[in-house]
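The following questions and answers examine the fold and the surface of the structure shown here.

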Amino acid sequence: MSVLGLYQPGGTVLHRARAGTKLGVMLAAGVASVLLDHWWQVLVALGVVLGGYAVARIPARMAVLQVRPLVWMVGLIALFHVLSGSWERAFVVTGLIATLVLLAALVTMTTRTTDMVDAVVGLCRPLRRVGVDPERVGLMLALGIRSVPVVVGLAEEVRDAQRARGLTASPRAFAVPLIVRSLRHADALGDALVARGVDD
Amino acid sequence: MRSISSAPRTPARDAALVAIFAGFVAALGIVPAFTPPGFTVPITTQSLGVMLAGAVLGARRGFLSLTLFLALVAVGLPLLAGGRGGLGAFMTPSVGFLVAWPVAAWIVGWITERGGPSYKLHWGVVANVVGGIVVLYAAGIVGIAAVAGISVGAAAVSTWIFLPGDAVKAVLAAVIARGVHSAYPGLVRGRRRERETSAV
């Protein structure tokens, strides 16, 4: 898996905007979306977001990729509203879902994962008073990002070992050794963290 | 090996377990998911990971692990089934299921911890059903109703097709958790002993 995640490298205005600003705009849009209840308002909002894709020079293919899994769900919702007698409501609801998903995906695709992590750590700063340590949050995110390829690697090892012994695919015979290996890895990782003085 | 697993649990070890298990849930997302026609939520093995987090790590660490997983998704990693991820994932009608994952893992873990020092299969199934199905569906249904603008009843009807699959997952997760606990003792039980001795 790429460490870049869903980030699409680029140097446009949207790429250079601060992660916190983009998150703020997204949240504001999410709240404001409740106020839209005419088809043309939704169409304008959708147009603005698609304009954002043009500004950020994100290929249409990437936008489609984020919305495609929703087609059936959104289709069913539209059908439900049409059957209960409101074409406009069907358009408003499904249009808003598409608009917000596309907007959020745009923020994700124009913001580096590292910048997003920094933004999350920044957002946690006021939580210090209720006992949340922002640096610990940053450490956990870094550990989590690193853990994904580690466990995927362990999964490949377990699968190879299974194949070597000629076992057929059984979820239990796969998951148990994978989890046990992961837990052992976590123990070693925990020791490394202790050695680095993470424990108080 | 025994000495490793019965070593005292420290904050650093817990942090490592939380991070590695977030990686495990991500690895489950690579197992292909599919959205058959007429289904509102893709069928994934990741909800198996939600039950396993609680059943293997217990309430607190299971909760933290899924919270970390969602944070990794939010900062832009494509860790959800089907390679989805980023902030857009939190704007879809299935957002209720997603944000309830940490709570579901917590409840599975809380019930599991009350099942006595050794992991019992039937008790584990009960824990997985209550946390991984009852609580998760309640949140998911409310989410669908809110995002799609339909009644809670209609939203509930749209989810019933997943019940058979999730019932199978609840049993499977308990079978896997029993295997893990017997191969790697001291996970949930260790915490209990620690708590008892620290109380003395």
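Helices (H or I, at least four residues) and strands (E, at least two) are DSSP runs, numbered from the N terminus. This is a predicted model, in which local features need pLDDT of at least 70, side-chain atom pairs count only at pLDDT 80 or more, and totals for chains, interfaces and linings use all residues. Residues are numbered from 1 along each chain as its sequence is written, chains are lettered from A and ligands numbered from 1 in the order in which they are written, and side-chain values use heavy atoms, with hydrogens and water left out.

Q: How many helices does chain A have?
A: The elements of chain A run α-α-α-α-α-α-α-α-α from the N terminus. Strands number zero, and the helices number nine.

Q: What is the radius of gyration of chain A?
A: The radius is taken over C-alpha atoms, and the globule rule is 2.2 Å times the number of residues to the power 0.38. For 200 residues this rule gives 16 Å, and chain A is well over that, so chain A is more spread out than a compact globule; its radius of gyration is 22 Å.

Q: Buried residues make up what percentage of chain B?
A: Buried means under 20% relative accessible area (1.4 Å probe, protein chains only). In chain A, with 200 residues, the buried share is 40%. In chain B, also with 200 residues, the buried share is 61%.

Q: What area does chain B expose?
A: Accessible areas come from the Shrake-Rupley method with a 1.4 Å probe; for residues, only the protein chains shown count as cover. Carbon and sulfur atoms supply 73% of the area that chain B exposes, which is about 7,300 Å².

Note on methods
Buried means under 20% relative accessible area, exposed over 50%, partly exposed in between (1.4 Å probe, protein chains only).
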